[in-house]
Amino acid sequence: MAFLKHIKLFLHSTNYLRFEPTIKYNKLFSSGAVLTSNENIIYSNVKTFKHQHITLISLNRPNDKNTLNVATVVDLRKAISNYENDPSSTIAILYGEGGSFCAGYDPGELSEAPQVYDEFLKSHCQKPIIAAVSGFAYNVGFDLCLWCDLRIVEENAVMAIDRKLNISNSKIFLKKLLKTVGYSRTMDFLLTGRDIKSKEAFECGIANRVVACGSSVGQAVNMAFNVGKFPQQSMNYDRSLIHEITSE
């Protein structure tokens with residue numbers, strides 16, 4: 001019950017839960033991060049919350065549907081690095097504030113953000129990470145979903161490669177999509193740019209679970225509790241082998 005209370009406090013700015021926040025921030029760092037007594041770290045565009053062995057990481061640009069700009073990618077890299085280097089945290093959950101996972105790149109930074117993000121993509125997260133997907137996961141948001149190990153997708157979520165934007169996709173993303181859904185479906189998604197709804201995402205292997213609207217983070221927390229209890233050394237070794245095989 002105490003953990004659920006902390007989760008409610010952390011998610012107060014999202015559409016998942018509504019309540020009066022009670023956390024008081026007690027220290028502001030020059031790096032732009034805020035540390036709270038409940039092990040929260042808030043950067044300009046990314047928030048993290050930790051409880052027991054679970055780290056929750058959220059994209060925090062709800063007014064822009066969590067589109068990625070350079071600053072957000074930099075903050076995300078910091079949050080992922082902190083998680084990787086925290087021996088007490090065995091699994092993470094990535095989601096978007098305000099009801100949308102990530103609706104692509106910030107239109108004002110199309111010339112810079114993709115290059116910074118491609119650098120981020122070159123390395124796998126060293127420990128398991130679950131994507132809790134709500135709302136829109138377009139372009140780089142779709143890419144970010146596949147970068148995670150597992151995807152808990154809400155029934156009204158939509159993924160797509162939006163062809164209206166003149167942006168090339170990363171080779172890493174296309175390779176992962178190809179291995180996930182096969183040649184025919186990859187070409188379908190790539191050439192038509194059509195929406196991929198949750199039912200189809202589950203049927204073709206993109207979504208691991210489809211859940212009710214507003215419940216993806218809670219369902220991801222339940223999964224993270226179960227996964228995080230297993231012996232980590234052998235699990236992470238097996239996971240690294242999978243990444244090695246799929247990278248060949």
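What follows is a chat about the salt bridges, cysteines, pocket, surface patch and backbone of a predicted model.

User: Let's start with charges. How many salt bridges does the structure hold?

Analyst: This is a predicted model, and it holds 11 salt bridges. In general, side chains of opposite charge can pair when their charged atoms come close.

User: What does Arg239 form a salt bridge with?

Analyst: Its partner is Asp149, and the closest N and O atoms are 3.0 Å apart. That pair links distant parts of the chain, 90 residues apart. Arg239 is in helix H9 (residues 232-246), while Asp149 is in the loop between helix H4 (140-147) and strand S9 (150-154).

User: Is Arg239 buried or exposed?

Analyst: Arg239 counts as buried, because its relative accessibility is 13% and the buried class is under 20%. Asp149 comes out as partly exposed at 23%.

User: OK, and Glu119? Which residue does it pair with?

Analyst: Glu119 forms a salt bridge with Lys122, with 2.9 Å between the closest N and O atoms. Glu119 is partly exposed at 42% relative accessibility, and Lys122 is exposed at 58%.

User: Which residues are linked in a network of salt bridges?

Analyst: Arg185, Asp188, Arg194 and Glu200 are linked that way. Within that group, the side chains of Glu200 and Arg185 meet at 3.5 Å, N to O. Glu200 lies in helix H7 (residues 198-203) and Arg185 in helix H6, so this salt bridge ties together parts that are 15 residues apart in sequence.

User: How covered are those two, Glu200 and Arg185?

Analyst: Glu200 is buried, with a relative accessible area of 16%. Arg185 is partly exposed, at 30%.

User: Staying around H6, what does helix H6 give to the nonpolar patch?

Analyst: Helix H6 (residues 183-192) gives the most to the patch, with three residues. The patch is on the surface and is formed by Leu178, Tyr183, Met187 and Leu191, with about 430 Å² of accessible area together.

User: And where is Leu191 found?

Analyst: Leu191 is found in helix H6. It counts as exposed, because its relative accessibility of 63% is over the 50% cut-off.

User: Switching to cysteines. How many disulfides does the structure hold?

Analyst: Zero. A disulfide is a covalent bond between the sulfur atoms of two cysteines. For Cys148, the closest cysteine sulfur is in Cys145, 6.9 Å away, which is too far for a bond.

User: Are Cys148 and Cys204 buried or exposed?

Analyst: Cys148 counts as buried, at 4% relative accessibility. Cys204 counts as buried too, at 8%.

User: Now pockets. How much space lies in the largest pocket?

Analyst: About 450 Å³. Its lining has 21 residues, and the ones nearest its centre are His124, Leu146, Lys176, His243 and Thr246. The elements that give two or more residues to that lining are H4, helix H5 (171-181) and H9.

User: Which element provides the largest share of the lining?

Analyst: H5 does, with six residues.

User: Just before H5 there's a loop I was looking at. Where is Ser168 found?

Analyst: Ser168 sits in the loop between strand S10 (158-160) and H5. With 69% relative accessibility, Ser168 counts as exposed. Its C-alpha atom is 9.1 Å from that of Pro114, and the two residues are 54 residues apart along the chain.

User: Last topic, backbone. What is phi of Lys65 near?

Analyst: Phi of Lys65 is near 55 degrees, a positive value in a residue other than glycine. For background, most residues other than glycine have a negative phi. Lys65 is located in the loop between strand S5 (54-59) and helix H2 (70-84), and it is partly exposed at 42% relative accessibility.

User: And what about phi of Asn139?

Analyst: That one is near 50 degrees, again a positive value in a residue other than glycine. Asn139 lies in the loop between strand S8 (136-138) and H4.

User: Is Asn139 buried or exposed?

Analyst: Buried, as Asn139 has 10% relative accessibility.

Terms used. Residues numbered from 1 in each chain as written. Predicted model: local features only at pLDDT ≥ 70, side-chain atom pairs only at ≥ 80, totals over all residues. Heavy atoms only, no water. Patch = residues over 30% accessible without salt bridge, like charges linked within 9 Å, V, L, I, M, F, W, Y side chains within 5 Å. Areas by Shrake-Rupley, 256 points an atom, 1.4 Å probe, with all protein chains shown as cover. Salt bridge = Lys/Arg side-chain N within 4 Å of Asp/Glu carboxyl O. Helix = DSSP H or I, 4+ residues; strand = E, 2+ residues; numbered from the N terminus. Buried < 20%, exposed > 50% of the residue type's maximum accessible area, 1.4 Å probe, protein only. Disulfide = S-S within 2.5 Å. 1 Å grid on protein atoms, 1.4 Å probe; cavity = no way out; pocket = protein on both sides within 12 Å on 5 of 7 lines; lining within 4 Å. Points joined across faces, edges and corners; volume = space filled by probe spheres on them.
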